Amino acid sequence: MKQKILASRRYRKRSRFAEVWHRLIKNKGAVAGLFIIAMLALVAISVKYILDYDTQVIAQHISERLQKPSIHHLMGTDNFGRDIFFRLLYGARFSLSVGIVAVGIALTIGTTLGALAGYYGGATGEIIMRATDIFAAVPNLLMAIVIVTALGANTINLMIAVGVASVPQFVRVTRAAVLTVRTQEYVEAARAIGRNELAIIFFHILPNCLSPIIVMVTLRIASAIIAASSLSFLGIGVPPPTPEWGSMLSEGRRFLRGYSYITMFPGLAIMITVLAFNMVGDGLRDALDPKLKK
Amino acid sequence: MYRYVIKRLLMLIPIIIGVSFLIYFIMDLAPGDIISQMAAEATEDQIQALRHQYGYDRSVFYRYALYMKNLARGDLGTSFLTNKPVWDMYRERLPATLKLALGAMIVSILISIPLGILSAVRSGTIWDNIGMVFALLGLSMPNFWLGLLLIILFSLKLGWLPSGGDTGFLSIILPAITIGTGHTAIMTRTTRSSMIDVIHQDYLRTARAKGVPEKYVIRKHAFKNALIPIITIIGTQLSVSLGGAVLTETVFAWPGVGRLIIDSVNQRDVPTVTGGIIMTTILISIMLLIVDLLYAYVDPRIKAQYLRKEKG
């Protein structure tokens, strides 16, 4: 009997996942987005073994400076003679990891606070939500700029700044989702059998609030990549000579006249990556909640 | 209605206190204070004198309390760098930011509303797909990059428009398009989905059934009822450009508030950063309040709700 119940539970879980997956892969945009993300992830993981960071990515070759795209340098070279294509490939590591870790930070803090605010309500909820309002009142990018200035400009601090600045969105989405779930009967049942409250929140309520959170994660990775490259562009993100796409773009600004390709390619790379995450986010939203599809 | 407005304005007070606290303390954590920037070659006595003058010989709590005491009297403090009142500096920069925000809004409304309506009315056709691809591209394009592309094309290659500074009408076009493109993307999607919601309502079928021409059905019956989400998104996007045009202002050397804040952050000018962000927060909150009040004018049902609450 127990085995039967377990089997049916497993079947149900698979079927829910399979259902969403089936709807997702019917969406051409989402499939294209997934493909691009998979390729980028592959590049980000393997580039370390293909290129030598010290000699091929950050080393200066002044004799080869400012060469236009050619067979030797697919995307040309920058003002220090570094190959832009190699730097772009390596840059995928930074941009993807900044985006993913930043959203990981926002997700961890935001969903925890949002779940507590939604579940407990009352004074706890009020305090969390008012603090969130204060945090959200400052524009996202300004908040990230102030935080990264305080912590100092490096990759880890950039992740923290972008992540912390995105916390309010996760708090609000999670709280809203928890509010709709917390009065459901299975939550009552869990309480009735004496499960402790944190277990109820994290094992019964949050798993049932995942749809809006998953969509939020995908879309926020896109915004985090843009925010991180924006900070590097402003000179307060990842410091040179790290091949971060935003700082590469910023370095190319001085050479717009005649050497516009230096800014063109990093910008394209950011746009394609962000586009991929946006397409997957849109596809996931439609797949998780077909009612939303318009 | 007045009570609602006053209540919303009063709610700003804790937000201002919270924001000032947050920014003041985070900025205090930043390595290298203003004294180290100003007194690179000063003697120890001069450094001590400067520390005393700017309150750096006391705790951050003391400095914050002093700042808040002045803020309560409407004084945003004096810039460490220029010695000018922060309010005067903010006031000097605000017109440029407002002009740019308005320009961006006009660009995005002119493009996104017709495009959104077209996508909704021709839902599922090639027009819809073109509109949505355009919106997705606009949403994914970093605006500092778009700004640089526009400079390359219209300033450097064609020589039609200036590449930076606030030098008249022509100089606003490129930065307005840069900010407007991001807004256009979001507004097109909202207009489309809001119109699609309305387009299938019974009262539109009735309007068509009684022979109202299609363009009137769309313009008068559908669009008016789809306006609430569109106004919300216009207001939100306007508030975004009031507070977050830092990048575009940097790319186009536009003398706006965003540029003032980022320059002050780099120089550790705490009063200017805190004052600038407080004023930006107030401006955004007022903008969002205006949006809420606009609902009442667009939708009589919402106005009735406000009035009922007031009576109750």
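Helices here are DSSP runs of H or I at least four residues long, and strands are E runs of at least two. On that basis, chain B of this predicted model comes out with 16 helices and zero strands. Chain A has zero strands too, with 13 helices. The two chains touch each other, with 34 residues from chain A and 39 residues from chain B in the contact.

**Chain A at a glance**
- Reading along the sequence, you get α-α-α-α-α-α-α-α-α-α-α-α-α.
- Its C-alpha trace spans about 75 × 45 × 35 Å along the principal axes.
- There are 294 residues in chain A, and 45% of them are buried.
- Take the contacts in chain A with a separation of 6 or more: 70% of these are between residues 24 or more positions apart.

**Chain B at a glance**
- Measure out a box along the principal axes and the C-alpha atoms of chain B fill roughly 85 × 65 × 30 Å.
- Chain B runs to 312 residues, of which 38% count as buried.
- For contacts in chain B between residues at least 6 apart in sequence, 72% link residues at least 24 apart.

**The nonpolar core**
- The largest nonpolar core holds 149 residues, and A144(A), I145(A) and V162(A) have the most contacts inside it.
- Helix α4 of chain A (residues 84-120) gives the largest share of this core, at 18 residues.
- Which residues does A144(A) touch once its neighbours within four places in sequence are left aside? They are A161(A), V162(A), A165(A), A227(A) and L231(A).

**A helix to look at: α6 of chain B**
- Helix α6 of chain B covers residues 86-121, and its 36 residues should span 52 Å at 1.5 Å a residue, because the expected span uses one less than the number of residues.
- The end C-alpha atoms of α6(B) sit 50 Å apart, which agrees with that expectation.
- There is still a kink in α6(B): about 35 degrees at R93(B), shortly before the proline P95(B).

**Where chain B meets chain A**
- On the chain B side of the contact with chain A, at least two residues each come from α2 (12-29), α7 (126-140), α8 (143-157), α9 (169-199), α12 (227-244), α13 (246-251), α14 (257-266) and α15 (270-298).
- Helix α2(B) supplies the largest share of that side, nine residues.
- How do the residues on the side of chain B that touches chain A divide into nonpolar, polar and charged? The split is 30 nonpolar, nine polar and no charged.

Note on methods
Residues numbered from 1 in each chain as written. Chains lettered and ligands numbered in written order. Predicted model: local features only at pLDDT ≥ 70, side-chain atom pairs only at ≥ 80, totals over all residues. Core = buried A, V, L, I, M, F, W, Y, C linked by C-beta atoms within 7 Å. Buried ≥ 20, exposed ≤ 12 C-beta atoms within 10 Å, placed from the backbone. Contact = placed C-beta atoms within 7 Å. Bend = angle between axes of the 7 residues up to and from the residue. Nonpolar A, V, L, I, M, F, W, Y, C, P; charged D, E, K, R; others polar.
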